[in-house]
Amino acid sequence: MKKLFIHQPLFRLLSPIISGVIIYLLVLLLNNNVEQIQEQFFNEELYFCIALSYLIQEFSRGLLLLFKRTLFNKLSRFNIFLQVVISMALCLVISTIAINLYFKYLLNFSASIEEIYVFDSIFCGVTFIYIVLYLSHQYLFKINSEKLLQEGFIKKNIEHDFKRFKREINPNLLFESLESLLILIKKDKDKSDDFIDHLATIYRYILSGQEKELISFKEEINVVKELVELFNYLAFRNVSFNNNCTSTFLIVPGSLLFIIEQIVRTSIVTSESMLQINLNETDEFLDISYHKNDKITTQFNLEKIKEIVRSYNVYSSTKIKVVETERSRKIIIPKLNIISKL
């Protein structure tokens with residue numbers, strides 16, 4: 001149960017006292033007994049009004065908790081109407097019984113119909129205000145919760161768009177490539193032209209595929225080869241790529257590029273130690289395997305490609321898996337098609 005204001009101890013303690021005093025003053029005004037305020041304010045009638053206010057409000061609070069459980073806290077018009085009518089009717093019964101008992105056993109005479117009517121009318125009004133305060137707070141809480149939920153979705157979308165933008169632009173690869181390009185321009189202008197062609201092909205593919213949800217494997221594999229060629233221009237990179245896949249299927253755009261890059265960046269690669277990446281396939285899966293030679297500071301895992309994993313979860317019920325042995329690591333990706341999610 002959420003801690004609303006009517007459930008706060010301070011409200012439950014002070015509210016009946018204030019409402020009891022107000023009710024007592026209203027009764028005096030309706031009975032034209034205003035002069036009694038100056039003569040004797042703190043009398044037993046005031047205490048009775050405060051006590052009855054405690055009883056009515058605590059009973060109303062219990063009814064609100066009961067309705068919350070039985071009506072599943074749905075703020076429909078029928079539920080609100082039913083809650084108001086039942087609460088006021090039961091509080092009317094309690095008020096009538098309490099007034100009759102007060103007059104009979106403490107004042108030693110029967111209460112008149114007019115007196116009962118005055119007290120019942122006032123306490124019904126108090127009960128109605130009490131319920132309206134609760135329902136208005138619940139409605140406001142519901143509206144604010146929906147707005148917070150929407151803000152949460154907007155925040156997640158912004159974060160997702162930023163991560164996607166960062167992955168597509170890939171600042172690490174871009175700056176590293178530009179630094180290598182500056183060196184190549186001074187050493188070998190012919191190689192620098194080839195280097196620019198590789199870099200342009202990669203980014204042209206990344207930027208042109210932003211609006212595509214899925215793309216052909218063969219289309220991306222051509223860009224993967226460009227990426228491998230680009231890596232071999234960079235310092236301390238010696239990568240070999242072998243594609244053994246012949247079938248046609250779909251993949252998430254940029255997924256292979258991102259995975260291959262993470263493999264290279266988490267592996268120790270030198271001119272003497274080549275990184276051999278192999279692509280194989282089964283009927284349902286694409287396997288990316290390579291010999292493990294992990295860096296000390298970072299290793300390849302699913303956390304490195306969590307955005308790719310999340311994207312594949314949208315299109316396939318089969319999860320991306322990483323299978324490791326003592327010397328090798330294999331990333332298993334489901335092949336996608338139009339009915340992958342069915």
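**Close-up views of a predicted model**

Among contacts in the protein chain between residues at least 6 apart in sequence, those that join residues at least 24 apart make up 74%. The model is predicted.

**Figure 1. Overview of the protein chain, with its ten helices and seven strands.** The chain has 342 residues, and buried residues make up 39% of them. The views that follow show pairs of packed helices and two single residues, Gln-57 and Asp-197. Two packed helices are described by the angle between their axes and by the distance between the axes.

**Figure 2. Packing of helix 3 against helix 4.** Helix 3 covers residues 44-70, and helix 4 covers residues 77-105. Their axes are 10 Å apart, and the packing angle is about 150 degrees. Helix 3 is therefore roughly antiparallel to helix 4, an angle over 145 degrees being counted that way. The two helices make a right-handed crossing. From helix 3, the contact is made by Glu-44, Glu-45, Phe-48, Leu-52, Leu-55, Ile-56, Phe-59, Ser-60, Leu-63, Leu-64 and Phe-67. Helix 4 contributes Leu-82, Gln-83, Ile-86, Ser-87, Leu-90, Cys-91, Ile-94, Ser-95, Ala-98, Ile-99 and Tyr-102. By class, 16 residues of the contact between helix 3 and helix 4 are nonpolar, four are polar and two are charged.

**Figure 3. Crossing of helix 1 and helix 3.** Helix 1 is formed by residues 9-30. The axes of helix 1 and helix 3 come within 8 Å and cross at roughly 130 degrees, so helix 1 is oblique to helix 3. This crossing is right-handed. On the helix 1 side, the residues that meet helix 3 are Arg-12, Leu-13, Ser-15, Pro-16, Ile-17, Ser-19, Gly-20, Val-21, Ile-23 and Tyr-24. On the helix 3 side are Glu-45, Leu-46, Cys-49, Ile-50, Ser-53, Tyr-54, Gln-57, Glu-58 and Arg-61. The contact of helix 1 with helix 3 contains ten nonpolar, five polar and four charged residues.

**Figure 4. Surroundings of Gln-57 in helix 3.** Gln-57 is one of the helix 3 residues that meet helix 1. Its relative accessibility is 6%, so Gln-57 counts as buried, the cut-off being under 20%. The side chains of Gln-57 and Ser-15 are joined by a polar contact of 3.1 Å. Leaving aside residues up to four places away in sequence, Gln-57 touches Ser-15, Pro-16, Ser-19, Val-126 and Tyr-130. Among them, Ser-15, Pro-16 and Ser-19 belong to the helix 1 side of the contact with helix 3.

**Figure 5. Packing of helix 6 against helix 8.** Helix 6 runs over residues 171-187 and helix 8 over residues 217-233. The angle between the two is about 55 degrees, and their axes lie 10 Å apart. Helix 6 is thus oblique to helix 8. Helix 6 passes helix 8 in a left-handed crossing. Leu-173, Ser-177 and Leu-184 of helix 6 make the contact with Leu-227, Leu-230, Phe-231 and Tyr-233 of helix 8. Six residues of this contact are nonpolar, one is polar and none is charged.

**Figure 6. Asp-197 in helix 7, with Leu-230 of helix 8.** Helix 7 spans residues 189-208. Asp-197 has a relative accessible area of 46% and is therefore partly exposed. Along the chain, Asp-197 and Leu-230 are 33 residues apart, and their C-alpha atoms are separated by 9.3 Å. Leu-230 is also one of the helix 8 residues in the contact with helix 6.

Definitions and conventions: Residues are numbered from 1 along each chain as its sequence is written. This is a predicted model: local features need pLDDT of at least 70, side-chain atom pairs count only at pLDDT 80 or more; totals for chains, interfaces and linings use all residues. Side-chain values use heavy atoms; hydrogens and water are left out. Axes are lines fitted to C-alpha atoms, for helices over the stretch in contact, and angles run from 0 to 180 degrees between N-to-C directions. Helices (H or I, at least four residues) and strands (E, at least two) are DSSP runs, numbered from the N terminus. Angles under 35 degrees count as roughly parallel, over 145 as roughly antiparallel, 65 to 115 as roughly perpendicular and the rest as oblique. A crossing is left-handed if the near helix is turned anticlockwise from the far one by less than a right angle, and right-handed if clockwise. Contact means heavy atoms within 4.5 Å. Ala, Val, Leu, Ile, Met, Phe, Trp, Tyr, Cys and Pro count as nonpolar, Asp, Glu, Lys and Arg as charged, and the others, Gly among them, as polar. Buried means under 20% relative accessible area, exposed over 50%, partly exposed in between (1.4 Å probe, protein chains only). A polar contact is a pair of N or O atoms within 3.5 Å; within protein, one must be able to donate a hydrogen and the other to accept it, and residues adjacent in sequence count only if both atoms are side-chain atoms.
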